[in-house]
Amino acid sequence: MILFLDTSTGNCRIWLGENSFEKELNRNMARDILKFLEDSLENIGKDYKDLEGIGFFAGPGSFTSLRIGASVANTLADGLNIPIVAIKKEDEDDDWRQKAFEKLKNNENDKIALPFYGRDANITKPRK
């Protein structure tokens, strides 16, 4: 089974086979994303060992959310020794999950999913 993960917004979206799950995590994404994934797997009677590949939505999107999602996806792919592909959205009609599925089906493996923010990060300058 392939895990598709989109953390480009405050809502974390997960697809596992024909099942999809979405949860608003916002500022708690780093703390709650793994629990959400575990609950989603448990909901369909599966476990991490059932994952055969990961398709990660690389962006554009929220700087912090994408970094958290990439960290989780990369750690899972490495720990489970499964392939990972990162897909960035290039136009409105873009079906990133289909592109990820095709790449995984063709035995492609990015090894590391890097986030694509779509613009420079907005980093606040220190006051002092």
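## Sheet, cores and salt bridges in a predicted model

I14 stands opposite F21, a residue of β3. This pairing belongs to a predicted model, and the report proceeds from the sheet to the helices, the nonpolar cores and the charged pairs.

**The sheet**

The strands β2 and β3 run antiparallel and are joined by 6 bridges. Together they form a hairpin with 2 residues between the strands, and G17 in the turn has a positive phi of about 60°. The hairpin is part of an open sheet of 5 strands, arranged in the order β3-β2-β1-β4-β5 with mixed pairing. At the edges stand β3 (19–24) and β5, each of which pairs on one side only. On average, neighbouring strands of this sheet are turned by 20° against each other when direction is ignored.

In contrast to the antiparallel hairpin of β2 and β3, β1 and β4 pair in the parallel sense, over 4 bridges. Within this pairing, L5 has F56 of β4 as its bridge partner. Strands of a sheet pair through backbone hydrogen bonds, in either the parallel or the antiparallel sense.

**Helices on the sheet**

The helix α2 lies across β1, β4 and β5, and its direction is at about 160° to β4. The helix α3 also packs on the sheet, where it touches β1, β2, β4 and β5, and its direction makes about 145° with that of β5.

Which residues of α3 (residues 96–105) are buried? They are W96, A100 and L104. Seen down the axis of α3, the buried residues fall within an arc of 70°, so they line one face of the helix. An α-helix has 3.6 residues a turn, so residues three or four places apart point the same way. The cover over the buried residues of α3 includes β1, β2, β4 and β5. After α3 comes N107, whose phi is positive, near 60°.

**Nonpolar cores**

The largest nonpolar core comprises 30 residues, and I14 and F56 have the most contacts inside it. At least two residues of this core come from each of β1 (2–6), β2 (11–16), α1 (29–43), β4 (53–59), α2 (63–80) and β5 (84–88). The largest share, 7 residues, is supplied by α2. Apart from this core lies another, of 9 residues, including F4, W15, F57 and I87.

The surroundings of F56 illustrate how separate parts of the chain meet. Leaving aside residues up to four places away in sequence, F56 touches L5, T7, L66, G69, A70, A73, V85, A86, I87, W96 and A113. One of these contacts, L5, is also the bridge partner of F56, and another, W96, is among the buried residues of α3.

L3 lies in strand β1 and is buried, at 1% relative accessibility. With residues up to four places away in sequence again left out, L3 touches I14, W15, L16, L37, L51, G53, I54, G55 and L76. Among these contacts, I14 is one of the two residues with the most contacts inside the largest core, while W15 belongs to the core of 9 residues. The C-alpha atoms of L3 and D32 are separated by 17 Å, the two residues being 29 apart along the chain.

**Salt bridges**

The structure holds 5 salt bridges. The table gives examples, with the N to O distance of each.

| Basic residue | Acidic residue | N to O distance |
|---|---|---|
| R13 | D6 | 2.6 Å |
| R31 | D32 | 2.8 Å |
| K35 | D39 | 2.9 Å |

The partners in these bridges vary in their accessibility. Is D6, which meets R13 in a salt bridge, buried or exposed? D6 counts as buried, at 4% relative accessibility, whereas R13 counts as partly exposed, at 23%. The cut-off for a buried residue is under 20% relative accessible area.

R31, which forms a salt bridge with D32, counts as exposed, at 62% relative accessibility.

For the bridge between D39 and K35, the helix supplies the spacing: D39 and K35 are 4 residues apart in α1 and are therefore separated by about one helical turn. D39 is partly exposed, with a relative accessible area of 33%, and K35 also counts as partly exposed, at 49% relative accessibility.

How values were computed: Residues numbered from 1 in each chain as written. Predicted model: local features only at pLDDT ≥ 70, side-chain atom pairs only at ≥ 80, totals over all residues. Heavy atoms only, no water. Core = buried A, V, L, I, M, F, W, Y, C linked by side-chain atoms within 4.5 Å. Buried < 20%, exposed > 50% of the residue type's maximum accessible area, 1.4 Å probe, protein only. Contact = heavy atoms within 4.5 Å. Salt bridge = Lys/Arg side-chain N within 4 Å of Asp/Glu carboxyl O. Arc of directions from axis to C-beta. Pairing = 2+ DSSP bridges. Axes fitted to C-alpha atoms, helices over the stretch in contact; angles between N-to-C directions.
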